[in-house]
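Subject: Structure handover

Hello,

Here is the structure I promised to pass on. Please open it first, then read my notes below.

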Amino acid sequence: MWCRHGAALGPIAAMGAATAPCAHYACAAAALVPRPLPLPPVPPPETGRAVAGSSGAVTCGASWRLMERERRTGTGSSTMVTDEEVAAIGRTLLDAAQPLPARFRALFTLRNLGGPAAISCIARGFTDSSALLKHELAFCLGQMRDRTAIPALIRVLRDRQQEPMVRHEAGEALGAIGDPEVLDVLRCYSEDPVVEVAETCQLAVQRLQWLQEHGEEPGSSPYCSVDPAPPAEETDVATLRTMLLDESRPLFDRYRAMFALRNLGGRDAVLALADGLRAGSALFRHEIGYVLGQMQDEACVPQLTAALSSRAENPMVRHECAEALGSIARPSCLDTLRTFARDEERVVRESCEVALDMYEYENSPQFQYADGLCRLQA
Ligand SMILES: [Fe+2]
Ligand SMILES: [Fe+2]
């Protein structure tokens, strides 16, 4: 069982209580547990290396691995973190002189910690010059699913000085938090002149409407991510592939097919998804890159490499393909990432830099990606 921060619930939940306090630091229902009992093992996703640990681009992958290990050892859910420590991790995040991979690791540490102090540190980063970092700030605020972040996210969505990729992620995060109070704002930006922003807000409106009708489906993502659309109920890969690639269908339906294929997993599903890298809508293609990063299956390395290598491709798509290659982290990914770490597009360069750090993490015995707290305490 997980709290809304994606952290393991405490022993009461482990014993099967219907309602249990969250043992996560600073959760609204916080009830810190001094000595956690070992939690039962979580059945991991069935596919590929996701079983072995991480499960998604920089984001869910790192935290999934962290949480899975913490659950196994029973150490994570009782970590006491002071506001001073949160502030110190926030300083690393906000310090433009720090290497970007270190700032990313600080961000994911804050994301895992949650709470108002972490959210306020993250929200202060939207004045940074790196679109990559800012879009990841918005992503994390959405995944944390804390209403406290809504005003900051609305400000970013409204700010036309922010890069489309950052505004897109703010819109998606507002949908991820799942509060219908933002429906009017999202409807307004569903007609934004920037197509990625408009499409994102259309999807977010549909997600919120779908939630109002069907309620939240806990565990709809085996990767612990809050997705922009629920998975389709269909389980036939060929049928899902047809839905995915049919550009006459609403984007929401194609997204539902995408997440159903991801959840099914396996080589056929991976290859069907990889075909989506040649389909219409840059937003759609970037989400395909993200999903392939979550799946961590080497079968799609050639398609991801082709998309990253195409200078005609939208930088947002190239970015997501770079991070997916870093998450897959096989030797076949390495040369490409090193080459495009010198790309003329800043967001592509920086994505490769972060992806190379992920590659290193995936191929090392490091305990956790979101290691800001360990670095602080070391
Ligand atoms: Fe995105
Ligand atoms: Fe991204």
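A word on angles first: a helix axis here is a line fitted to C-alpha atoms over the stretch in contact, and angles run from 0 to 180 degrees between N-to-C directions. Please keep in mind that this is a predicted model.

**Helices 16 and 18**

Start with helix 16 (residues 315-328) and helix 18 (residues 346-362). Their axes come within 7 Å and cross at roughly 10 degrees. Angles under 35 degrees count as roughly parallel, so helix 16 is roughly parallel to helix 18. The contact residues divide into eleven nonpolar, four polar and two charged. On the helix 16 side they include Pro315, Arg318, His319 and Leu325. Helix 18 brings, among others, Val347, Cys352, Leu356 and Tyr359.

**Helices 14 and 16**

Helix 16 also packs with helix 14 (residues 282-295). Here the angle is about 5 degrees, and the axes are 8 Å apart. That makes helix 14 roughly parallel to helix 16. By class, this contact has seven nonpolar, four polar and three charged residues. Among the helix 14 residues are Arg285, His286, Tyr290 and Leu292. They are part of a set that meets helix 16 residues including Met316, Glu320, Cys321 and Ala324. Glu323 and Ser327 of helix 16 appear in the contact with helix 14, and both are also in the contact with helix 18.

**Helix 6**

Is helix 6 enclosed by the rest of the structure or open to the outside? It is largely enclosed, because 14 of its 14 residues are buried. Its length checks out too. The 14 residues (131-144) should span 20 Å at 1.5 Å a residue, and the end C-alpha atoms are 20 Å apart, which agrees. Arginine 145 follows helix 6, with a positive phi near 55 degrees.

**The core**

The largest nonpolar core has 98 residues. Which residues have the most contacts inside it? They are Leu110, Leu141, Leu153, Leu261, Leu273, Leu292 and Leu325. Take leucine 141. Neighbours within four places in sequence aside, leucine 141 is in contact with Ile119, Ile122, Ala149, Ala152, Leu153 and Ala173.

**An exposed arginine**

Last, look at arginine 342. It lies in the loop between helix 17 (331-340) and helix 18. Arginine 342 has 9 C-beta neighbours inside 10 Å, so it counts as exposed; the cut-off for that is 12 or fewer. Arginine 342 and glutamate 353 are eleven residues apart in sequence, and their C-alpha atoms are 9.2 Å apart in space.

Best wishes

Terms used: Residues are numbered from 1 along each chain as its sequence is written. Chains are lettered from A and ligands numbered from 1 in the order in which they are written. This is a predicted model: local features need pLDDT of at least 70, side-chain atom pairs count only at pLDDT 80 or more; totals for chains, interfaces and linings use all residues. Helices (H or I, at least four residues) and strands (E, at least two) are DSSP runs, numbered from the N terminus. The expected span of a helix is 1.5 Å times one less than its number of residues. A residue is buried if 20 or more other C-beta atoms lie within 10 Å of its own, exposed if 12 or fewer, and partly exposed in between; C-beta atoms are placed from the backbone. Angles under 35 degrees count as roughly parallel, over 145 as roughly antiparallel, 65 to 115 as roughly perpendicular and the rest as oblique. Two residues are in contact if their C-beta atoms, placed from the backbone, lie within 7 Å. Ala, Val, Leu, Ile, Met, Phe, Trp, Tyr, Cys and Pro count as nonpolar, Asp, Glu, Lys and Arg as charged, and the others, Gly among them, as polar. A nonpolar core is a set of buried Ala, Val, Leu, Ile, Met, Phe, Trp, Tyr and Cys residues joined through C-beta atoms within 7 Å.
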